[in-house]
Amino acid sequence: MTKYARFASLVCAGLFAGFLTAVLVLELSLRSFDSTVYTQVRLVELDSLDKLAVATLLPALIATAVLVYQTYRTGTRWLTVAALALLVLVFGLTLIVNLPINSDQLHWDAQSPPSNWTEVRDRWQIAHAIRTVAAVLAFAALALAAPLPHTRRSSSPNTSARRDRLHA
């Protein structure tokens, strides 16, 4: 079961990190355009990209949580715990900053965006940059943990000696 959780967490976290990176590149490219272009592109982004985010982040969170549970007593637990913490940070930042802005931007008119559109854009992009870095680091932690040995650590030094006596 651990190998399936590891595979699912790697694939979903990797897809999510790649998706966020692509959106970050697009968003940074939009900085040189005016409010009309920015708003038009944001409205196109908001049409379906939130669905892709949910379809990759939620499975990544769940699979990584399962992986943390399964590797709790192994040498790879710190990397998987770090990955889970980073994904939880991404999820929290998304809920607190990005989704409320997305919801507000859905009602923007491309021909007459609000006067504070650059402030809103900057706040969204800063939060997005932070969650992109966190998602990439989570994926890196999962990738680093994948090839490590997954042997369980004993809870006490005498456990292996007792086990050897029982099997003898």
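R42 forms a salt bridge with E45, and their closest N and O atoms lie 2.5 Å apart. This is a predicted model. Both residues sit in helix α2, three residues apart, which is about one turn of the helix. R42 also meets a second partner, E27, in a salt bridge of 3.5 Å, N to O. That pair links distant parts of the chain: R42 belongs to helix α2, E27 to helix α1 (residues 2-30), and 15 residues separate them. Together, E27, R42 and E45 form a network of salt bridges.

Is this network buried or exposed? R42 has 2% relative accessibility, so it counts as buried. E27 is buried too, with a relative accessible area of 0%. E45 is also buried.

The structure holds four salt bridges. The table lists three of them, including one between D122 and R121.

| Salt bridge | N to O distance |
|---|---|
| R42 and E45 | 2.5 Å |
| R42 and E27 | 3.5 Å |
| D122 and R121 | 3.0 Å |

The partners D122 and R121 fall into separate classes. D122 has a relative accessible area of 25%, so it is partly exposed. R121 reaches 7%, so it counts as buried.

Now to the surface. Which residues make the nonpolar patch? They are V54, L58, I62, F91, L95, I96 and L99, and the patch covers about 630 Å². Helices α2 (35-70) and α3 (77-105) each supply at least two of its residues. Helix α3 gives the most, with four. One patch residue in α3 is L95. Its relative accessibility is 44%, so L95 counts as partly exposed.

Notes:
Residues numbered from 1 in each chain as written. Predicted model: local features only at pLDDT ≥ 70, side-chain atom pairs only at ≥ 80, totals over all residues. Heavy atoms only, no water. Patch = residues over 30% accessible without salt bridge, like charges linked within 9 Å, V, L, I, M, F, W, Y side chains within 5 Å. Areas by Shrake-Rupley, 256 points an atom, 1.4 Å probe, with all protein chains shown as cover. Salt bridge = Lys/Arg side-chain N within 4 Å of Asp/Glu carboxyl O. Buried < 20%, exposed > 50% of the residue type's maximum accessible area, 1.4 Å probe, protein only.
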